[in-house]
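Welcome! Please take a moment to look over the sequence and the model below, and then we can walk through them together.

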Amino acid sequence: MTQPAVLTRLVEEYERESELRAAGPHGPLRQQMEDVVYTLCVSTGTRDIDAALAAARERLDTAWLGDAYDPEAAAQDGRTLSGTAG
């Protein structure tokens with residue numbers, strides 16, 4: 001199961017890119033959006049973005065406080081405690 005920190009990052013990235021895409025579709029932005037959608041679907045075991053977002057949000061809503069930050073998973077993802085790459 002994907003760590004909550006990774007799901008949070010993916011959902012936030014999807015929402016940010018959705019807002020940018022609404023302003024007008026751009027080539028690189030379109031590819032980034034497709035990559036995020038694919039990763040969210042794989043991470044949640046779903047086949048479409050609506051189901052992936054619902055599953056990710058459900059997982060995040062039920063995540064134990066202790067699961068919210070897993071140093072080992074964050075290190076594999078290249079993130080620090082502050083949530084930034086480091």
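## How confident is the model?

The protein averages a pLDDT of 76, and 66% of the residues score at least 70; pLDDT is the predictor's confidence in each residue, from 0 to 100. This is a predicted model, in which local features need pLDDT of at least 70 and side-chain atom pairs count only at pLDDT 80 or more, while totals for chains, interfaces and linings use all residues. Residues are numbered from 1 along each chain as its sequence is written, and side-chain values use heavy atoms, with hydrogens and water left out.

Confidence varies along the chain. Among the elements of the protein, helix α3 has the highest mean pLDDT, 92, and helix α4 (residues 71-77) the lowest, 53. Over residues 78-86 pLDDT stays under 50, and the model has twelve contacts beyond four places in sequence for this stretch. Contact here means heavy atoms within 4.5 Å.

## The overall layout

How many helices and strands does the protein have? There are four helices and zero strands, and along the sequence they follow the pattern α-α-α-α. Helices (H or I, at least four residues) and strands (E, at least two) are DSSP runs, numbered from the N terminus.

Of the 86 residues, 29% count as buried. Buried means under 20% relative accessible area, exposed over 50%, and partly exposed in between (1.4 Å probe, protein chains only). Among contacts between residues at least 6 apart in sequence, 49% join residues at least 24 apart.

## A shared nonpolar core

The largest nonpolar core has 13 residues, and those with the most contacts inside it are V11, Y14, L40, I49, A52, L53 and A56. Helices α1 (4-22), α2 (27-44) and α3 each supply at least two residues of this core, with α1 giving the most, five residues. A nonpolar core is a set of buried Ala, Val, Leu, Ile, Met, Phe, Trp, Tyr and Cys residues joined through side-chain atoms within 4.5 Å. In soluble globular proteins, nonpolar side chains tend to be buried together.

Helix α1 has 19 residues and reaches 27 Å from its first C-alpha to its last, close to the 27 Å expected at 1.5 Å a residue. That expected span is 1.5 Å times one less than the number of residues in the helix. The buried residues of α1 include P4, L7, V11 and Y14, along with the glutamates E13 and E17.

## Helix α3 and its two sides

Helix α3 (residues 49-62) has 14 residues and spans 20 Å from its first C-alpha to its last, close to the 20 Å expected at 1.5 Å a residue. Which residues of α3 are buried? They are I49, A52, L53 and A56. Seen down the axis of α3, its buried residues fall within an arc of 95°, so they line one face of the helix; the arc is that of the directions from the helix axis to the C-beta atoms. An α-helix has 3.6 residues a turn, so residues three or four places apart point the same way. On the other side of α3, D50, E58, D61 and T62 are exposed.

At the start of α3, a side-chain oxygen of D48 comes to within 3.1 Å of the backbone nitrogen of D50. Leaving aside neighbours within four places in sequence, I49 is in contact with Y14, V37, L40 and C41. A55 is also found in α3, and at 23% relative accessibility A55 counts as partly exposed. With the same neighbours left aside, A55 is in contact with T44 and T46.

## A few residues of helix α2

V36 has its place in helix α2 and, at 4% relative accessibility, counts as buried. Not counting residues up to four places away in sequence, V36 touches L10, E13, Y14 and E17. The C-alpha atoms of V36 and V11 are 25 residues apart along the chain and separated by 8.4 Å.

S43 lies in α2 too, and at 16% relative accessibility S43 counts as buried. The side chain of S43 reaches the backbone oxygen of T39 at 2.7 Å. Not counting residues up to four places away in sequence, S43 touches T2, L7 and L10. Is Y38, another residue of α2, buried or exposed? At 59% relative accessibility, Y38 counts as exposed.

Terms used: Polar contact = N/O pair within 3.5 Å; in protein donor to acceptor, adjacent residues only side chain to side chain.
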